[in-house]
Every structure is written in C-alpha cells, then in structure tokens.
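Please read the following report alongside the sequence and the coordinates. It takes up backbone geometry, cysteines and the surface in turn.

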Amino acid sequence: MSEYINKVMEHYDSNPKKEWDRLQKRFPAEKYITLKMMDRYIRPGDRILDIGGGPGHYSIAYARRGHDVTLLDLSSGNVRLAKRKASQYKTRIDAQQGNALDLSRFPDESFDIVFLMGPLYHLTEEEDRLQAIREAKRVLKKGGYLFCSFILMFGGVIYAMRELPVLLFGEKEQVHFETAARVESKSFCSFTWTYMTTVKDAKAHFDHFTDLETVSVFGQEGILAPYTHNMSAQSRKVREAWYDYAVRYCDREEYLTHSEHLAVISRKI
C-alpha cells in the first residue's frame, strides 16, 4: 500500500466519530440532498455496495429501508463505528475493511447499486482513480447505477470563506487559492492526502468508460454550502424547506460550484 494511502487510513482511524458527526451535525444538507438524488434511481430490493462508506451514513439509511447493503472502507475504525451505528439504528449492514482499488472479493456484476463516494477524493493519481471506477463498474450489474463523489477545488475556497476567512493570507494556502482561481485540479496534502477537482475534470474521468452513461451531475450541498452556519441556526422546518429548495438547483450546471462536493451518477450499459 502506498504511503499516501496509509496516511489517509491513519487520518480516518484517528477519529471515526468526527466523520460521523460531519454529516450528522455539521453538514446535514449534504446527506439530505444526496439521499434525495439517490432515491430517484435506487429501487426497492436493490443490492448495494458502499465503497469508502466511512462510518456508514448512506449504508445505514438504505439498510433501514430494507436493502441488502455491504460497506467497504479503508479505515478499520470507520468499519467498527459503522457496525455500532447500524446496531444502534436496529438494522444490519455487512461492514468490511478493504481498499477501493481491489474488489476481488466480490464477483462480477453482483450489485444493483454501487456508491464510490469517498475514495476518489483521496486517490491522488489519476490511474488509481480510474482503477477504482473500473473495479466499481466491474461489480455493478448492467443497468445498475454508480454514484461517485469528488471534492471541488472551489469547495476549498467556500470552506475558507465560511470557516476561516483569514486563510486567504496564509502562505501555505496560496497554492490552493491560486489553483482554484486558474480553474485547475490538483492533488496535495490538505486535511489528509486529497484530490480536488474542477467540474470539467471530474466529468472527464468517465470519458474513459464506454459502458458508463452519465445520467446526472449534482452538487451534494446544492446552493447551501456557503450558508451552513446560518442554516444550522434555523428551525428544522425552515432548514428542510431550504434543503428541498436546494434540490431544485443541485443538478443545474451553472450552480455546481456552489457546492463543496460533486456527485456523478452513471448507468452501466
């Protein structure tokens, strides 16, 4: 295993609860909007593989709806937490430790739905990202849907504006700000080893696969990423009304860079 992948594993092993709290408490709009978009394609009874599923937010959500769900994650800490959370929610998932680059434990075309919503923004080499997509596609049935996530380069600018505006003056951060201003993608060490992309470069990954048809591209926070703290101060009724409103914008090309995370939904043909 390469050094950078070890570093990613160590990052998530160090505090699995932080990743659970990220979607549960700090950024619930991302989960809400993503589930709304997934629900357009996932059918009752679909068998799901959640590659890089972390502590299990999406796995548990669909297991609770009666789906047969397998979670695979690089971090053994995430896997243990996913099992505990599934038990707390009185459901069951098959949670395993493993690497998105090697899914040889799973037969060809054995899942109706595959999530790849984590590994692609930690695989710093393009060939590794293509290999992860290749493996996810291999285990996906024809007619099934693949959900892939990326971190947008401009998402780092949104984060700085929202969380710590003084970062604009940071010497180390200048590479990031300048790369975003040039509308380029880049791999570097951020919170851990990370690949951040433009919308164009994210889409281009799927040009390598003639048997994947892109059916939707959407921002996982919709238009709400810059306004997370304001939203969290609102009542649940107000928050969810805004979440539903943001769903209406999330797949419009002109608003994609309002999000920190970008999802590409593909159908295997």
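## Positive phi in two loops

In this predicted model, Lys 90 is exposed, with a relative accessible area of 77%. Lys 90 sits in the loop that runs between α5 (76-88) and β3 (94-97), and its phi is positive, about 55°, although the residue is not a glycine.

A positive phi is also found at Val 183, again a residue other than glycine, where the value is near 55°. Val 183 belongs to the loop between α8 (174-181) and β6 (186-189), and with a relative accessible area of 61% this valine is exposed.

## Cysteines and the absence of disulfides

The count of disulfides comes to zero, the criterion being a pair of cysteine sulfur atoms within 2.5 Å. For Cys 148 the reason lies in distance, because the closest cysteine sulfur, that of Cys 250, is 16 Å from the sulfur of Cys 148, which is too far for a bond. Cys 148 itself counts as buried, at 0% relative accessibility.

## A nonpolar surface patch

Leu 164, Val 166, Leu 168 and Phe 169 together make a nonpolar surface patch of about 450 Å². One of these residues, Val 166, is located in the loop between α7 (153-163) and α8; Val 166 has a relative accessible area of 54% and is therefore classed as exposed, given that the cut-off for this class is over 50%.

Note on methods: Residues numbered from 1 in each chain as written. Predicted model: local features only at pLDDT ≥ 70, side-chain atom pairs only at ≥ 80, totals over all residues. Heavy atoms only, no water. Helix = DSSP H or I, 4+ residues; strand = E, 2+ residues; numbered from the N terminus. Buried < 20%, exposed > 50% of the residue type's maximum accessible area, 1.4 Å probe, protein only. Patch = residues over 30% accessible without salt bridge, like charges linked within 9 Å, V, L, I, M, F, W, Y side chains within 5 Å. Areas by Shrake-Rupley, 256 points an atom, 1.4 Å probe, with all protein chains shown as cover. Salt bridge = Lys/Arg side-chain N within 4 Å of Asp/Glu carboxyl O.
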